[in-house]
Amino acid sequence: DMTATHIVGIMDGAVVAVLRVLWKDNYAKIGRVAVAEHKRGLGLGARLIRFAVEYVTDKGQPRCYLESQSDKVGFYERLGFVAFGEEFMDAGIPHRKMRNY
């Protein structure tokens with residue numbers, strides 16, 4: 001029974017991108033998405049999210065949910081996610097709930 005899965009992106013022998021999937025009853029929650037500062041702007045984050053969505057779909061869970069920093073909503077919208085609900089604060093940063101279903 002998987003409760004958490006970590007996915008990493010490796011470039012030049014080093015981990016340069018990471019995310020975590022939490023397996024819920026009705027969806028997979030993608031979180032803790034990070035790309036190394038010196039590797040940003042190369043599309044690695046988008047590749048990682050697409051891979052994660054494909055991976056969880058292959059495991060039988062096509063419904064993905066995440067909580068995006070408000071200034072990153074457009075990034076996730078381009079990957080098929082839609083914001084819903086009110087903006088909320090997490091660690092002093094405005095966020096929006098997003099899902100692809």
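**Questions on loops, helix α1, the nonpolar core and the pockets**

Me: Which description fits G60, buried or exposed?
Reply: G60 has a relative accessibility of 59%, on a scale where buried means under 20% relative accessible area, exposed over 50% and partly exposed in between (1.4 Å probe, protein chains only). This is a predicted model, in which local features need pLDDT of at least 70 and side-chain atom pairs count only at pLDDT 80 or more, while totals for chains, interfaces and linings use all residues. Residues are numbered from 1 along each chain as its sequence is written, and side-chain values use heavy atoms, with hydrogens and water left out. Because its accessibility is 59%, G60 counts as exposed.

Me: What value does phi take in G60, which follows α1?
Reply: G60 is placed in the loop between α1 and β4, where helices (H or I, at least four residues) and strands (E, at least two) are DSSP runs numbered from the N terminus. Its C-alpha atom is separated by 25 Å from that of F75, a residue 15 places away along the chain. In G60, just after α1, phi is positive and near 100°.

Me: What is the phi of D12?
Reply: D12 belongs to the loop between β1 and β2. Its relative accessible area is 70%, so D12 is exposed. Although D12 is a residue other than glycine, its phi is positive, near 55°.

Me: Which two strands flank the loop that holds A91?
Reply: A91 is not a glycine, yet its phi is positive, about 55°. With a relative accessible area of 74%, A91 is exposed. The loop that holds A91 lies between β5 (82-90) and β6.

Me: How far apart are the end C-alpha atoms of α1?
Reply: The expected span of a helix is 1.5 Å times one less than its number of residues. The 15 residues of α1 should therefore span 21 Å. The model agrees, since the end C-alpha atoms of α1 are separated by 21 Å.

Me: Against which elements do the buried residues of α1 pack?
Reply: The buried residues of α1 are L44, G45, A46, L48, I49, A52, V53 and V56. They pack, with contact meaning heavy atoms within 4.5 Å, against β1, β2, β3, β4 and α2.

Me: What is the C-alpha to C-alpha distance between L48 and L19?
Reply: L48 lies in helix α1, and at 7% relative accessibility L48 counts as buried. Beyond four places in sequence, L48 is in contact with I7, V8, G9, A17, V18 and L19. On the same criterion, L19 touches T5, H6, I7, I30, G31, R32, V33, L48, I49 and A52. L48 and L19 stand 29 residues apart in sequence, and their C-alpha distance is 7.7 Å.

Me: Which element gives the largest share of the largest nonpolar core?
Reply: This core has 23 residues, of which L19, V21, I30, I49 and F81 have the most contacts inside it; a nonpolar core is a set of buried Ala, Val, Leu, Ile, Met, Phe, Trp, Tyr and Cys residues joined through side-chain atoms within 4.5 Å. Two or more residues come from each of β2, β3, α1, β4 and α2. The largest share, seven residues, is given by α1.

Me: What is the relative accessible area of S68?
Reply: S68 is part of strand β4. Outside its neighbours within four places in sequence, S68 is in contact with V73, Y76, P94, H95, R96 and M98. S68 is buried, because its relative accessible area is 1%.

Me: Which element supplies the largest share of the lining of the largest pocket?
Reply: The largest pocket has a volume of about 720 Å³; a pocket is an open set of points on a 1 Å grid over the protein atoms alone, where a 1.4 Å probe fits, with protein on both sides within 12 Å along at least five of seven lines, and lining residues have an atom within 4 Å of a point. Its 27 lining residues include V33, A34, Q69, K72 and Y76, which lie nearest its centre. Two or more lining residues come from each of β3 (28-35), α1 (44-58), β4 (64-69), α2 (73-77) and β6 (93-99). The largest share, seven residues, comes from β3.

Me: How many residues in the lining of the largest pocket are charged?
Reply: In this division, Ala, Val, Leu, Ile, Met, Phe, Trp, Tyr, Cys and Pro count as nonpolar, Asp, Glu, Lys and Arg as charged, and the others, Gly among them, as polar. The lining has 12 nonpolar and seven polar residues, and the number of charged ones is eight.

Me: Which element gives the most to the lining of the second largest pocket?
Reply: The second largest pocket holds about 220 Å³ of space, a volume being the space filled by probe spheres set on grid points joined across faces, edges and corners. The lining residues are I7, V8, G9, I10, M11, V16, A17, L44, R47, L48 and F51, and they divide into nine nonpolar, one polar and one charged. At least two of them come from each of β1 (4-11), β2 (14-23) and α1. With five residues, the element that gives the most is β1.
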